[in-house]
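Q: Could you walk me through how the strands pair up here, and then say something about the surface?

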Amino acid sequence: MLELLKSMIDWNAQHSVKAEAGASIIASGEPTVLIFCLETGTATDGEGRAYGDGDLIGFCEALALDRYNTPVIATSACKLIAIKQETLETALKLGGKLVWPLSRSIASDITRRRLGRW
């Protein structure tokens, strides 16, 4: 997924963020305006999922919800790339009019099942 994103988005134009071990990367209730890619380091979320180099953090929640539900904490020093949701939307729309709404719909189904909101 990371290589696909890099091919669609000017990676060097994205904002880089650092987080020390124990720092919050995503707080529960935080707006989903940014999607994070973990370039280096490790993190875990409130449901016990582990993230490592190259992982997208909270991707489904970012597409499905207005606010993050699941907090994410750095478990080691992390370097992250923060991608604006509108940047991702613009890139995905280059694939056709239905790519963005279909992506959000799939992410919504996954997120509802994961959060038990059926």
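A: Bearing in mind that this is a predicted model, a good place to begin is the open sheet formed by four strands, which follow one another in the order E2-E7-E4-E5 with antiparallel pairing.

Q: Which strands are at the edges of that one?

A: The edge strands are E2, covering 24–26, and E5, covering 50–51, and each of them pairs on one side only.

Q: How many bridges hold E4 and E5 together, and what stands opposite Ala-43?

A: Strand E4, residues 43–45, pairs with E5 over two bridges in the antiparallel sense, and within this pairing Ala-43 faces Tyr-51 of E5.

Q: Switching to E3, how many bridges join it to E8?

A: Strand E3, which spans residues 34–40, is joined by six bridges to strand E8, residues 78–84, and the two run antiparallel. E3 is also joined to strand E6, residues 55–57, by three bridges, again in an antiparallel arrangement.

Q: And what does Phe-36 stand opposite in E8, and what in E6?

A: In E8 the residue opposite Phe-36 is Ala-82, while in E6 the residue opposite Phe-36 is Ile-57.

Q: On to the surface: which residues form the nonpolar patch?

A: The patch is made up of Leu-102, Ile-106 and Ile-110, which together have about 270 Å² of accessible area. Of these residues, Ile-110 lies in helix H4, residues 99–115.

Q: Why is Ile-110 called partly exposed?

A: Its relative accessible area is 41%, and Ile-110 therefore falls between the 20% below which a residue is buried and the 50% above which a residue is exposed.

Terms used
Residues numbered from 1 in each chain as written. Predicted model: local features only at pLDDT ≥ 70, side-chain atom pairs only at ≥ 80, totals over all residues. Heavy atoms only, no water. Pairing = 2+ DSSP bridges. Patch = residues over 30% accessible without salt bridge, like charges linked within 9 Å, V, L, I, M, F, W, Y side chains within 5 Å. Areas by Shrake-Rupley, 256 points an atom, 1.4 Å probe, with all protein chains shown as cover. Salt bridge = Lys/Arg side-chain N within 4 Å of Asp/Glu carboxyl O. Buried < 20%, exposed > 50% of the residue type's maximum accessible area, 1.4 Å probe, protein only.
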